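Please walk me through this structure in the viewer, one selection at a time. Start with the whole chain, then go to the part worth a closer look.

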Amino acid sequence: MASSIFRGLSGIMRGKIEKELIKKYRNEGMDLIDAITKGNQEANQIVTSRKLNFLNTKFSDTNILTDDYVKLIDEEIKLNDPELFQTIRQFEKNNRPALANKMRALRHPDWAEANFGEDYMTVLERGQTRELLNKIDPNIKERTILDDIDDMNKANIDELFGGRKRNADGGLAKILEV
């Protein structure tokens, strides 16, 4: 499904381009499988190139401080680095917008500087810290090494005074008792 940003843009119908290329390669005498493979790869490259050219035009026509500019950034990242795009989406789903913006800033530092200032990385890292602090439950006590040592000592004392550690009931010993 094409993004609404590209709606109405001509020349980005990958299927149509692919069919034309396959037909061209078949007419040149290329094997069917080779023609399909080459046609598919070239169609993807053509469509991606046209979309990126369109986005570059839109970047210059869109206010860098708007959400529309962020949508353009996301589309550019989706085309050039789909894994990074998925990472950004995951950060947003997990309520980590500062981390998502930090990933965008790596690709578009001009946008980051315009929105967060010259020292945008520090600003975004502080935002990340705030996001993490907001997720920490103040009622949960963090365990320390001393807590672990206490647990081990209690287990050892129970073993000394209570006999050996208890095993599960059943098994071969239970059968032989009968």
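Of the contacts in the chain with a separation of 6 or more, what percentage comes from residues 24 or more positions apart? Such residues account for 50% of those contacts.

**Whole chain.** Keep everything selected and show it as a cartoon. The model is a predicted one. The chain holds nine helices and zero strands, so no sheet colouring is needed; from the N terminus on, the elements run α-α-α-α-α-α-α-α-α. Now switch to a surface. The chain exposes about 13200 Å², and carbon and sulfur atoms supply 52% of that area. Of the 178 residues, 27% count as buried.

**Helix 5.** Select residues 97–107, which form helix 5. This helix is mostly covered, with eight of its eleven residues buried. Show the side chains of the buried set: Ala-98, Leu-99, Ala-100, Asn-101, Lys-102, Met-103, Arg-104 and Ala-105. Charged residue names appear in that list, Lys-102 and Arg-104 among them. Which helices do the buried residues of helix 5 pack against? They pack against helix 3 (67–80), helix 4, helix 6 (109–116) and helix 7.

**Helix 4 against helix 5.** Add residues 82–93, which form helix 4. The axes of helix 4 and helix 5 come within 8 Å and cross at roughly 155°. Angles over 145 degrees count as roughly antiparallel, which makes helix 4 roughly antiparallel to helix 5. To see the contact, show Leu-84, Ile-88, Arg-89, Phe-91 and Glu-92 on helix 4; on helix 5 they meet Leu-99, Ala-100, Met-103, Arg-104 and Arg-107. By class, the residues of this contact divide into six nonpolar, no polar and four charged.

**Helix 7 against helix 5.** Hide helix 4 and select residues 120–135, which form helix 7. Here too the axes come within 8 Å, and helix 5 and helix 7 cross at roughly 155°. Helix 5 and helix 7 are therefore roughly antiparallel to each other, and their crossing is left-handed. From helix 5, show Pro-97, Ala-98, Leu-99, Asn-101, Lys-102, Ala-105 and Leu-106. From helix 7, show Tyr-120, Met-121, Leu-124, Glu-125, Gly-127, Gln-128 and Glu-131. How many nonpolar, polar and charged residues does this contact have? The contact of helix 5 with helix 7 has eight nonpolar, three polar and three charged residues.

**Last view.** Bring helix 4 back beside helix 5 and helix 7. Leu-99 can be picked out in both contacts: Leu-99 is listed where helix 5 meets helix 4 and again where helix 5 meets helix 7. Leu-99 is also one of the buried residues of helix 5.

Terms used
Residues are numbered from 1 along each chain as its sequence is written. This is a predicted model: local features need pLDDT of at least 70, side-chain atom pairs count only at pLDDT 80 or more; totals for chains, interfaces and linings use all residues. Side-chain values use heavy atoms; hydrogens and water are left out. Axes are lines fitted to C-alpha atoms, for helices over the stretch in contact, and angles run from 0 to 180 degrees between N-to-C directions. Helices (H or I, at least four residues) and strands (E, at least two) are DSSP runs, numbered from the N terminus. Angles under 35 degrees count as roughly parallel, over 145 as roughly antiparallel, 65 to 115 as roughly perpendicular and the rest as oblique. Contact means heavy atoms within 4.5 Å. A crossing is left-handed if the near helix is turned anticlockwise from the far one by less than a right angle, and right-handed if clockwise. Buried means under 20% relative accessible area, exposed over 50%, partly exposed in between (1.4 Å probe, protein chains only). Accessible areas come from the Shrake-Rupley method with a 1.4 Å probe; for residues, only the protein chains shown count as cover.
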